[in-house]
Amino acid sequence: MSDITNSELDRRTLLRRAAAVGIAATPAVGMLSACVGGGEDDKTEQATGTKSAENPLGIDPKAPIEIVIFDGGLGTKYATDVDTPMYSKKWPESKVTYSATQQIATTIKPRLNSGDSPDMINNSGSDLMDFGAIVKAGQAADLTDLFAAPSFDIEGKTVAETLVPGAVEQGTYDTDSGRKPFAVNYSFTVFGLYYNKKLFDKNGWTAPTTWADFTALCDKIKAAGITPFGYAGANASYYMVRAILTSAGKIGTEQVLKDIDNLKPGAWQAPAIKQAAEAWGQIGAKYINKSFLGLKHTEVQLQQNQDKLAIYPCGSWLENEQAASITPNFEYAVMPYPSVTGSDQLPATAINAAAGEVYFASAKGKNPQGGKEYLRVMLSKAAALEFTKLTKSLTVVAGAADGLTISPGLTSANDMLSKAGKDVFMGYLFDTWYKKLDDASREAANTLMFNGGDAQKFCDAMEKASQEVAKDSSIAKFTRV
Amino acid sequence: MRHGKYPFIIGFLAVPVALYAIFVVGAYLQMFRLSLTDWTGYGTFNDIGFANFEKLWNDSVFWTALRHNGFLLLLLPIVTIALALFFAFLLNVGGGSKGGVTRGVWGSPIYRVIFFFPQLLALAIVAVIFGRVFGPDKSGMINGLLPDSWEPWLFLASERWALTCILVVLVWQAVGFYVVLFSAGMGSIPQEIYEAAALDGASRITLFSKITLPLLWGNIQVAWIYLGIAAFDAFALVNIMTVNQGGPNNSTQVLSLQIYLNAFKYSQAGYASALGVVLFFLALSFAWLTLRVSRRDAVDA
């Protein structure tokens, strides 16, 4: 079987020529080359070894592994300088082949389809693969044994027991043979409203907890000639989707978001969703800068660094991403989303924090157990601590970074996390499960925030999109409990 | 020499025909095949008959995309050809005649080179540059030139004008090539014809409409078809320049982007293939219709 799609980058030429075929006999690069199918017939020889206390996953100590890391905001140093040396120290005879790319789907998808997959893959970035489809096609290895194995360096605990609540759940998918974990969501992201602490201190502004305080603050900021609230519509509208849905979750508990994930009819018409959309729609109508719809995330984030924008909804990766643009007059801090109503079911301190950044072992690679062992190394306390130091991102390894002072933004996020206590919720998964619904939510959020703030229209558009996905039998479905 | 003819022809033809068969015909056959399946792009698939086409018929985004392709199909060739003809006429004949020789406006050899510049830039680069030109705040090039008291124009962030912005870039990029094409065509029109017409007192407008245009008809026809096909594409610009790929609110959605999104983002390779089949037949019928409608006897010079 040969590559299915090795020409994604060439699509412009491809489509033009494909269209020209009737007229000009130009040889073109085909969208699908010689063979269609999934490499189902090829059974790759897979390496295994004997299980023991030292080798709980039963890897072949001599078999090489191949890993692929996404070269993005987190960099690749944590893999090359931390994880791989740790792995090699334990398994000196297992050679690690490493590569990094920004184009995960472009480089990896053809290899998955042709049965030549790397053993451990970091599925991330704007060119990531649809993980639900990968699971459905049986390309991702079942990680049950990994999570049940003893932790790499925390005595007496299994890997699963060392992680924050919800971390395993987030990588768990329904299959024909039951619910199983297929992905390690490694980094732990805290979401909230980011602002410049120094700017706020200078003006005597404080973080609001109620919606009335929030709008009053926005009025003050506007009077000071600064755009109170904004996000980048061109490519970062999912930050706004998260803002709306986090507010909805605080109004009506996470159940509201579970219903959305489960594509329950009427889920988007729930009162909590509508109230959240109404509240945010008003913010959009009154306080946003209309030109942000056409800007990209880095452009808007830069405006915040220049104090032209006060409040920005984002996750805890923001500080690291903007490291180069931060001046001495800027210090990131984060606050929880204010309560929308007086009768919100979760307190004002409640936050949305979720595991992200998917790593998975390939089911059809040459050494799936080796790939899992690499993941076990990553989930060790030592590796997690180094990861946080290098990337300023928390990991799902619980408490790995406790007591570490890294940067003001991360300290602020950690504070917010501890103040939230048990009121931390994972949020929603439909954006990774159903890419089409994800795109629809981005459009709907943009329309809500930049085009009049009509909450009912937002609910109607999303309800329709959600039910279209529910009815489409060609889309693999997943559920949450 | 006769006995050497066949090996010679076969040698020349075999490779291109094989390439064509494998990479074009073969790919198309597979696309037709896949359009009848529920293939996600990963793993195996089932046959589902014409369900993809049924879904397509009921897909409102498909119709929106089709309408936008129609908009481009209508305006891109007309605007580009009109501009290219105008410029080519100025470059070649617009300067009037001197000593019985028609010539272009002053400096036309330089203009000719400048017109061709956009053609040399990769489309992706053009898209990035125009992304800045159309910047929706004061940092955008056009908005930066406007007086400070004006509200910045939204360009790509405006549902109403986003597609027009794409059209402008497509025209800007294409016009140079057709200026050169038409210039070459005009260069092959014998001088005596212009001379004779000029002696009869024909104005520049008459020269253009009665001589240049009819004698260039073949070139224009080719241009029309190529531009039409470009209008069916527009993928790179829409993908790179627009809000949320095809937004805001699907106002720049086109078929090629829908194929891309469905195949590579939504894991619906089967459905994307069905869209591809539709695009294939649309492009084919467009080319056929254009050739049919615009057929007229070549004017013998």
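## Helices, a strand pair and the nonpolar core in a predicted two-chain model

Over residues 113-134 of chain B the chain is 86% helix and 0% strand, with end C-alpha atoms 25 Å apart; helices here are DSSP runs of H or I with at least four residues and strands are runs of E with at least two, numbered from the N terminus. This is a predicted model, in which local features need pLDDT of at least 70 and side-chain atom pairs count only at pLDDT 80 or more, while totals for chains, interfaces and linings use all residues. Residues are numbered from 1 along each chain as its sequence is written, and chains are lettered from A and ligands numbered from 1 in the order in which they are written.

An unreviewed UniProt entry lists residues 113-134 and 161-181 of chain B among those under "transmembrane region"; such positions are given in the numbering used here, and annotations may be inferred rather than shown by experiment.

| Segment | Helix | Strand | End C-alpha distance |
|---|---|---|---|
| 113-134 of chain B | 86% | 0% | 25 Å |
| 161-181 of chain B | 95% | 0% | 30 Å |

The largest nonpolar core (buried Ala, Val, Leu, Ile, Met, Phe, Trp, Tyr and Cys residues joined through C-beta atoms within 7 Å) has 237 residues, and those with the most contacts inside it are Ile244(A), Ala276(A), Ile166(B) and Leu170(B). Helix α7 of chain B, residues 162-187, gives the most to this core, with 14 residues.

A residue counts as buried if 20 or more other C-beta atoms, placed from the backbone, lie within 10 Å of its own, as exposed if 12 or fewer do, and as partly exposed in between. On this criterion, 11 of the 11 residues of helix α14 of chain A (residues 368-378) are buried, so α14(A) is largely enclosed by the rest of the structure.

Helix α8 of chain A (residues 211-223) has 13 residues that should span 18 Å at 1.5 Å a residue, and its end C-alpha atoms are 18 Å apart, which agrees; the expected span is 1.5 Å times one less than the number of residues. Seen down the axis of α8(A), the buried residues fall within an arc of 120 degrees, taken from the directions from the axis to the C-beta atoms, so they line one face of the helix. The face turned away from the buried side of α8(A) carries the exposed residues Ala212(A), Ala216(A) and Ala223(A).

In strand β9 of chain A (residues 332-335), Tyr332(A) and Val334(A) on one side and Ala333(A) and Met335(A) on the other are all buried. Strand β6 of chain A (residues 184-196) pairs with β9(A) in the antiparallel sense over 4 bridges, pairing requiring at least two DSSP bridges.
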